[in-house]
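Trainee: I should like to learn how to read several features of a protein model, beginning with the packing of helices. May we look at the structure together?

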Amino acid sequence: MGRKVSGEATMGELRELEALLQKDPDLRYKSSVLSNWPQPANSAEWDHRTESALDKHLERMQEAFPQEELPVKKERRNFRKLVSLLSVLVVILGGYCIYLVINKYPQKDSSKTAMAAIYTRDGSRSRAQLPDGTEVWLNGGSRLTYNPDMNNLGAREVTLEGEAFFDVAKNATKPFSIHTSKMDIRVLGTSFNVKAYTQDNTTEATLITGAVEVTLNDGEEKSVKLLPNQKIILQHPTENQSLTQPNLVAGYKIENIHSNPQDSMVAETAWCDNYLVFDNDNFEDIALKMERWYGIKVHLSGNKLKNYHFTATFKNESFSEVLEALKVTTSFRCRIVSNEVFITQ
């Protein structure tokens with residue numbers, strides 16, 4: 001409304017204002033009051049009044065402080081020059097202050113702006129290429145952070161929370177490292193899968209090709225080298241164990257992975273091809289997988305039900321179809337309320 005009264009409003013703004021006035025009678029009244037406001041005096045008269053007010057103010061200052069030599073009258077253009085000079089000084093001083101701050105904290109500012117992240121929600125999977133050419137597949141409920149300028153750094157490093165499959169671009173001079181809360185993995189060029197959900201009882205790394213070195217950070221630091229078709233499983237201490245034995249060293253084991261002879265599918269990486277695989281998993285672990293796969297919340301009731309084990313492979317089946325397939329071997333009841341599923345014996 002102010003821009004309309006001053007004659008600065010564009011046609012688009014005037015149309016938008018008119019639409020608002022049609023909807024709000026109170027606003028229309030305010031607009032009417034503003035529209036009837038007396039127009040500003042012409043420029044010459046306004047300049048005269050400004051000069052007169054300034055002269056009177058300087059005269060009062062002279063009376064109040066006779067010892068000070070205050071000018072009785074100033075030319076308007078001199079006054080403008082003074083204001084312009086002060087404005088330039090403020091801009092220069094502000095720029096200098098910014099320069100000092102930037103140079104005092106260069107590393108802190110650069111680290112804040114350097115990191116990039118890729119997220120996938122439960123019920124979704126995504127594929128991305130990192131700046132160095134590394135291909136990454138992210139499973140549901142995962143987060144990967146990295147420095148977009150990694151090609152100009154001494155090493156290529158990413159941080160993972162969740163599950164991801166990496167096909168690392170080879171670069172013998174710059175190793176590629178993945179950091180998780182429980183283990184770090186260092187490679188030069190290879191393909192492997194990392195499963196590191198904070199809610200899970202284990203952290204896993206599965207090597208498909210090449211070679212990796214895994215450093216365990218859960219308790220006593222230890223390095224383990226994996227060969228192709230091997231995976232390492234790090235068992236997390238339970239909450240009670242962490243409280244009663246804070247220095248407990250987590251146990252780990254190395255297993256050979258097996259592929260399906262018919263289609264060469266590997267259970268640990270089948271999710272990259274949109275397969276949901278249960279490989280002798282208990283119902284509690286399956287519930288977590290289904291939550292991430294379908295973006296739902298599953299409630300299991302009863303320890304006996306949680307310890308049932310299933311082996312199955314699904315592709316493009318709905319959540320209801322998966323439940324019906326599991327019911328073939330185990331009797332249970334389920335109730336679906338909005339986005340939550342309650343499963344009981």
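Mentor: Let us begin with handedness, remembering that this is a predicted model. Helix α8 and helix α10 cross in the right-handed sense.

Trainee: At roughly what angle do the axes of α8 and α10 cross, and within what distance do they come?

Mentor: The axes of α8 (residues 283-294) and α10 (residues 319-327) cross at roughly 165 degrees and come within 11 Å. Angles over 145 degrees count as roughly antiparallel, and α8 and α10 are therefore roughly antiparallel to each other.

Trainee: Which residues of α8 and α10 meet?

Mentor: From α8, the residues are F283, I286, M290 and Y294; they meet F319, V322, L323 and L326 in α10.

Trainee: How should I read the sign of a backbone phi angle?

Mentor: Most residues other than glycine have a negative phi. In this model, N274 has a positive phi of about 70 degrees although it is not a glycine. N316, likewise not a glycine, has a positive phi of about 70 degrees.

Trainee: Where do N274 and N316 lie?

Mentor: N274 is in the loop between β13 (252-256) and β14 (275-282). N316 belongs to the loop between β16 (309-315) and α10, the helix whose crossing with α8 we have just examined.

Trainee: Does N274 count as buried, partly exposed or exposed, and what of N316?

Mentor: The cut-offs for relative accessible area are under 20% for buried and over 50% for exposed, with partly exposed in between. N274 has 28% relative accessibility and so counts as partly exposed. N316, at 63%, therefore counts as exposed.

Trainee: How may burial be read for an entire strand, such as β10?

Mentor: One asks how many of its residues are buried. In β10 (residues 212-216) four of the five residues are buried, so the strand is largely enclosed by the rest of the structure.

Trainee: With which strands does β10 pair, and in what sense?

Mentor: Strand β7 (residues 183-187) pairs with β10 in the antiparallel sense over four bridges; here E213 of β10 is the bridge partner of R186. β10 also pairs with β11 (residues 222-226), in the antiparallel sense and over five bridges. In that pairing, V214 stands opposite V224 of β11.

Trainee: How many helices and strands does the protein have, and what share of its residues is buried?

Mentor: There are ten helices and 18 strands. Of the protein's 345 residues, 31% count as buried. The accessible surface comes to about 22,300 Å², and carbon and sulfur atoms account for 52% of that area.

How values were computed: Residues numbered from 1 in each chain as written. Predicted model: local features only at pLDDT ≥ 70, side-chain atom pairs only at ≥ 80, totals over all residues. Heavy atoms only, no water. Buried < 20%, exposed > 50% of the residue type's maximum accessible area, 1.4 Å probe, protein only. Helix = DSSP H or I, 4+ residues; strand = E, 2+ residues; numbered from the N terminus. Pairing = 2+ DSSP bridges. Areas by Shrake-Rupley, 256 points an atom, 1.4 Å probe, with all protein chains shown as cover. Axes fitted to C-alpha atoms, helices over the stretch in contact; angles between N-to-C directions. Parallel < 35°, antiparallel > 145°, perpendicular 65-115°, else oblique. Left-handed = near helix turned anticlockwise from the far one by under 90°. Contact = heavy atoms within 4.5 Å.
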